[in-house]
Amino acid sequence: MIYLDTSATTSMYPEILYIIKQYSVDDYYNPSALYTKALNVAKDIKVAKRKILDILHGNGNIIFTASGTESDNMAMFGSKKFKNCKVLVSSVEHSAIYACAKKLEASGIQVEFVACDAYGIVDIDDFKAKMSSNVALVSIMHACNETGGVNDIEQLVKIAKSVSPKVVFHSDGVQAVGKMPINLSKLGVDLYTFSAHKFHGMKGVGGLFVKKGVNINPIILGGGQENGLRSATENVSGIISTAVALEKTCKLLDIEKNKKIIQFIADNLATFIPDLIVNTNFECSLSNILSFALKNTRGEVLVHMLEDKGIIIGTGSACSSSKAHSRIPTALGIQREYFDGMIRISIDNCTTFEQAEIFVKEFKSCYEYLSSVIFNKCY
Ligand code: PLP
């Protein structure tokens, strides 16, 4: 099987199974308990936190959660708001942010959506125009899950803080962590989200980095774990394995190899798809994502045809003509005839050139077959 959908999820490193056994069967103690065995587990969590902070160069704390989605919710709802404040988010945020923004809007908070270019990168002029001294929260994703476009978060933070000194700047780094070097101190963000299953950790483990000195409110109440910021008995093996997975993924990350594979695929697709639109800008994008769109074609059909040949690819979030699914292609300025034909190829350190060659060959045969059947008409 050739797996080219690593932005959706990745396979868990097998060695994590041993960590699960250790903290679920052997050292299964509740880290909040007072006996030595439990205190040792609490210490192991602390070490894992420290390791993640070191890898991401963060000066602050990490609150572990059950997903990237929960971390995004915590940033959106837990960050402090004030009277007559405004919230800014980009127009291509993942639904984990977008749905929260809509909820804040429904509760009476003014929310504005910052425009993006065709590659999912925030329009700096529109951002400057929308930034004002009453902005309490900005949430702009580090890398776009649809296109791979990487935002210049450092510059955006500087602009935001110069206009609204009280602003809390959150960035959703779910797609960026493990795919590019991250230096949270340099970025200057107050809050930053990550999710372990995107870098070969366990599903159901996320984290929210909180910069030193930044205060947020909890959104889950209970026993007061995580310094009262996220109650619930800790997912010990999830937390400890996240540090292990992140360290390994960052060590294995080969940006140059990824770039070559993605460029090879893009160049080859262009040779046989006349109306191809490429939504990834190789100058400012993650090295592992290629997003493209086909005219009057349903990407979903190609996904299934390729699956029959043992190749897994992703569609963009469009892949359905319903209004809810047209948010992203509309924000990217994609023409209507391309909405259903958005396809996302995402690779990682496990992907080889041979796999890329097989993908191109099989994609060509599927695409040409479809084109011959439908005479390039929507089916
Ligand atoms: N944010 C982005 C940018 C994502 O790509 C995803 C998942 O695809 C999420 C948030 C949600 O993360 P999780 O699956 O851990 O809830």
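A disulfide is a pair of cysteine sulfur atoms within 2.5 Å. Keep that cut-off in mind for the first stop of this tour, which runs through a predicted model.

**Cysteines**

Select Cys250 and show its sulfur. The closest cysteine sulfur belongs to Cys350 and is 14 Å away, so the two are too far apart for a bond. Cys250 is partly exposed, at a relative accessible area of 31%. By the 2.5 Å rule the model holds zero disulfides. Cys85 is likewise in no disulfide: the nearest cysteine sulfur, in Cys100, lies 15 Å from its own. Cys85 is buried, with a relative accessible area of 6%.

**Aromatic pairs**

Next, colour the aromatic rings. The whole structure contains seven aromatic pairs. Begin with Tyr29 and Tyr35, an edge-to-face pair with 6.3 Å between the centres and 85° between the planes. Is Tyr29 buried or exposed? Tyr29 counts as buried, at 17% relative accessibility, whereas its partner Tyr35 is partly exposed at 48%.

Move on to Phe272 and Tyr367. This aromatic pair is tilted, at 6.1 Å centre to centre and 55° between the planes. The pair links distant parts of the chain, 95 residues apart: Phe272 is in helix 9 (residues 255–272) and Tyr367 in helix 12 (residues 353–374). Both Phe272 and Tyr367 are buried. Now add Phe292, Phe359 and Phe363 to the selection; with Phe272 and Tyr367 they form one aromatic cluster.

**Lysines over rings**

Two lysines can be viewed against ring faces. Select Phe82 and Lys166: the lysine lies over the face of the ring, 4.4 Å from the ring centre. Then select Tyr13 and Lys248, where the lysine lies over the face of Tyr13 at 4.3 Å from the ring centre.

**The ligand site**

Centre the view on the ligand and show its surroundings. How many residues surround the ligand? There are 13, and the closest are Gly68, Thr69, Asp172, Ser195 and Lys198. Helix 3 (residues 68–78) supplies the largest share of this shell, three residues.

Now look at individual polar atoms around the ligand. At Gly68, a polar backbone atom is 2.8 Å from an oxygen atom of the ligand. At His197, a polar side-chain atom lies 2.9 Å from a ligand oxygen atom. At Lys198, a polar side-chain atom lies 2.6 Å from an oxygen atom of the ligand. Switch on the ligand surface to see the cover: taken alone the ligand exposes 390 Å², and the protein buries 87% of that.

**His170 and Ser139**

Select His170, in strand 6 (residues 168–172). What does the side chain of His170 contact? A polar contact of 2.8 Å joins the side chains of His170 and Ser139. His170 counts as buried, at 0% relative accessibility.

**Two distances along the chain**

Go to Ile2, in strand 1 (residues 2–4). Ile2 is buried, with a relative accessible area of 10%. Draw a line from its C-alpha atom to that of Thr351: the two residues are 349 apart along the chain, and the atoms are separated by 8.1 Å.

Then go to Lys212, in the loop between strand 8 (206–211) and helix 8 (236–252). Lys212 counts as exposed, at 63% relative accessibility. A line from the C-alpha atom of Lys212 to that of Phe127 spans 26 Å, for residues 85 apart along the chain.

**Two histidines with positive phi**

Most residues other than glycine have a negative phi. The last two stops have positive values.

Select His57, in the loop between helix 2 (36–56) and strand 2 (60–65). Phi of His57 is near 55°. This histidine is partly exposed, with a relative accessible area of 43%.

Finish at His200, in the loop between strand 7 (191–195) and strand 8. What is the phi of His200? It is positive, about 70°, although His200 is not a glycine. His200 counts as buried, at 4% relative accessibility.

Technical notes:
Residues are numbered from 1 along each chain as its sequence is written. This is a predicted model: local features need pLDDT of at least 70, side-chain atom pairs count only at pLDDT 80 or more; totals for chains, interfaces and linings use all residues. Side-chain values use heavy atoms; hydrogens and water are left out. Buried means under 20% relative accessible area, exposed over 50%, partly exposed in between (1.4 Å probe, protein chains only). Rings of Phe, Tyr and Trp (its six-membered ring) pair if their centres lie within 6.5 Å; planes under 30 degrees apart count as stacked, over 60 as edge-to-face and the rest as tilted. Helices (H or I, at least four residues) and strands (E, at least two) are DSSP runs, numbered from the N terminus. A charge sits over a ring if NZ of Lys or CZ of Arg is within 6 Å of the ring centre and within 35 degrees of the ring normal. A residue is near a molecule or strand if one of its heavy atoms lies within 4 Å of it. A polar contact is a pair of N or O atoms within 3.5 Å; within protein, one must be able to donate a hydrogen and the other to accept it, and residues adjacent in sequence count only if both atoms are side-chain atoms. Accessible areas come from the Shrake-Rupley method with a 1.4 Å probe; for residues, only the protein chains shown count as cover.
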